[in-house]
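User: I should like to learn how to read a protein model feature by feature. Could we work through one together?

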Amino acid sequence: MTYSQNWDLDSIFPGGVNSPELAQKLELLKAQIKNFADAVTNYVVSNDDADFTNFVNLTTQGQTIEAGLLQVNVFITALISDDFTNTTLSAKASVINALEASYAKPSSQFKKLLATIDNTTWTTILALPTLQTIDFALNEMRQEANELLDDTTEELLTQLSLDGLNAWSSHYDTIAAGLTMPFTDENGETTTISAGQALNHLEGYPDPKVRANLLAGYENMWGQADGLVADTLNHLAGARLTNYKAHGVTDFLKKPLELNRMSQATLDTMWQVVSDNKEMLTKYFARKAQLMGKQALGFQDIYAPVHVGEFTSKDLSYDDAAEFIMDNFAQFSPKMAALAKTAFEKRWIESENRPGKQPGGYMESVPELGESRIFLTFTGSQNDAATIAHELGHAFHSSVLTDLPFWRGNYAMNVAETASTFAELVVNDAKVKAATNDAEKVTLLDAKLNNPVAMFMNIHARYLFETKFYKLRQEKVLTPDELSTLMDEAQHEAFANSLETYHPHFWASKLHFYIDNVPFYNFPYTFGYLFSLGIYAKAQSTDNFEDQYIALLRDTANMSTEELAQKHLGVDLTQPDFWQAGADLVAKDITEFLALTEQFVS
Ligand SMILES: [Zn+2]
């Protein structure tokens, strides 16, 4: 079997950005939004709607529009990812953004409508058979309405964000897309590379000297742009804080926590356990540095592969990676394996390695088709195979929700990263088990430890930086130097002072700080990782795990995160035990790594 490495977008809208079907869909959405707006404005709870037929219709209309907006968004995002330097696509993206913005007003009017319904009637409504499955979402919306301002102000805020918050986010992309730097390989040949290419190299270029020079060049490149980027970050955060303030929100963590349906207590406990478990990772770093013939690792070395003995890791073909993933998914869940097979065969995945593609990877649901699309660049490394597994984990999550109403699929990022990390764990563990000698096992274990390093250290640094930055930003605008100092301090703390070099301009180079629709794009990753470790441990000791796993995934947008953990895993997330059990699994891998590498150090 040879799988295509280019995705099928024509089945979403045939013919690319100028697709007549896309144009028709945009017209349809426009009309649907107008109808919905009228229906919401005219709706009153009364005897005319005694059986709530009209009310149920409103919920159907809302979900139809949101699914449609997602469908067109996924499509334009996919086109942009495919052809990242093509600036003509942003015109269509703006049209779609404006359409989305026009839905904001009726959407908030609908939420306010919910808040006007008295509690007795509300209970009756939620008990309707068609609404029972989305009662959690409806309750959330009713709650949200309490914070909303009057319709005109809300609409003005939405319109302003097109040239404010959203604009700053895309301004960052414009800056990043224009950056280049010289790159000298191990043969002394120098070429000019983009910021995206530099990032790819930084995460695994085999030669340590080349890597060290790369980080220095990367720092320098971002340093030259840091005035523009600091403006962008300051104003993006400023726009967000002003919006919070307008809604009476003074705690900048309130929204991020709400979006992830989790409590501050859970977040604090998680980070406390992470902080208490740094030492095992610094031991691992010390050994990794030894194996690389260094005193200590630099920031550029933390994810770099180690090579010991005679073994050098072989590149994988795409087809081999696909087969390996499907075989090992099947050990845990035949349904997960079947979904992966569909994704490979039906061309849901864009994985070709070619210039002009967006860096990074993601999965998006295509709601009206009940499908997914996955974007990444497969270069043949073991890490890339793990990335495919990761994105297929997301796709599996999405697939178990397709028969449910749209508002039941609105799961948060923290639990979204659970299914993906789980899938990645399955594949990484299988690779370690399949190793035929110690040297190979060391390389694979090292690759597996990339995740805890990211979650316990790198992501922790981002969270520490962002909390301090937002705190200060409430008072003033920060200079590029102040931002670099903040980042340097955050990295020192998060990496427990274990590195010889850091990346102070990380605040500028990391895209995640510039995402407009999700604040604090960091702690949900660590949450998802540790949560999935807990699930993975359970999977190994439970018969018929597949059904339990799917039941958990189907509830991810149906209750708070604490309730989800209590109901499906029987654990209390505000207590350290569950988190520590996850950290203990990491400790096991590190112990094995230290024991296995003993023979390779002199
Ligand atoms: Zn993910």
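**Reading the model: metal site, sheets and backbone**

Analyst: Certainly. Please bear in mind throughout that this is a predicted model.

User: Let us begin with the metal. Which protein atoms are the donors of the zinc ion?

Analyst: The zinc ion has as its protein donors NE2 of His390, NE2 of His394 and two OE atoms of Glu417, at 2.1 to 2.5 Å. Along the chain these donors follow the spacing H-x3-H-x22-E. His390 belongs to helix H17 (residues 382-399) and Glu417 to helix H18 (residues 413-433), so this pair ties together parts that are 27 residues apart in sequence.

User: How should the angles among the donor atoms of the zinc ion be read?

Analyst: The general idea is a comparison with ideal values: four tetrahedral donors would give 109.5 degrees. Here the angles among the 4 donor atoms run from 53 to 141°, and the site is irregular. Four donors count as tetrahedral only if all angles lie between 85 and 135 degrees, so a range of 53 to 141° does not qualify.

User: Is His390 buried or exposed? And is Glu417 buried or exposed?

Analyst: A residue is called buried when its relative accessible area is under 20%. His390 is therefore buried, at 13%, and Glu417 is buried as well, at 7%.

User: Turning to the sheets, in what order do the strands of the open sheet with E3 lie?

Analyst: The order is E3-E5-E4, and the pairing is mixed. E3 and strand E4 (362-366) are at the edges with a single partner strand each, which means that one side of each has no neighbour in the sheet. E3 runs parallel to strand E5 (residues 371-375), joined by 2 bridges; Ile349 has Ile374 in E5 as its bridge partner.

User: Which helices lie across E3, E4 and E5?

Analyst: Helix H2 (residues 53-82) lies across these strands, at about 145° to E4. H17 also lies across E3, E4 and E5, running at about 20° to E4. H17 is the helix that holds the zinc donor His390.

User: What surrounds Glu350, a residue of strand E3?

Analyst: Glu350 is buried, with a relative accessible area of 1%. Its side chain makes a polar contact of 3.2 Å with that of Lys357. Beyond its sequence neighbours up to four places away, Glu350 touches several residues, including Trp7, Asp82 and Phe375.

User: How do the side chains alternate along strand E1?

Analyst: In E1 (residues 180-184), Met181 and Phe183 point to one face and are buried, whereas Thr180, Pro182 and Thr184 point to the other face and are not buried. E1 pairs with strand E2 (residues 190-194) in the antiparallel sense over 5 bridges, and Met181 has Ile193 as its partner in E2. The hairpin of E1 and E2 has 5 residues between the strands, where Gly188 takes a positive phi near 85°.

User: Which residues have a positive phi although they are not glycine?

Analyst: The general rule is that most residues other than glycine have a negative phi. Phe52 has a positive phi of about 65°; Phe52 sits in the loop between helix H1 (20-42) and H2, and is buried at 9% relative accessibility. Phe520 has a positive phi of about 50°. Its place is the loop between helix H22 (506-509) and helix H23 (523-541), and Phe520 is buried at 2%.

Note on methods: Residues numbered from 1 in each chain as written. Predicted model: local features only at pLDDT ≥ 70, side-chain atom pairs only at ≥ 80, totals over all residues. Heavy atoms only, no water. Buried < 20%, exposed > 50% of the residue type's maximum accessible area, 1.4 Å probe, protein only. Polar contact = N/O pair within 3.5 Å; in protein donor to acceptor, adjacent residues only side chain to side chain. Contact = heavy atoms within 4.5 Å. Donors = N, O, S within 2.8 Å, 3.2 Å for Na, K, Ca; no water. Tetrahedral: all angles 85-135°; square planar, octahedral: opposite > 155°, others 65-115°. Helix = DSSP H or I, 4+ residues; strand = E, 2+ residues; numbered from the N terminus. Pairing = 2+ DSSP bridges. Axes fitted to C-alpha atoms, helices over the stretch in contact; angles between N-to-C directions.
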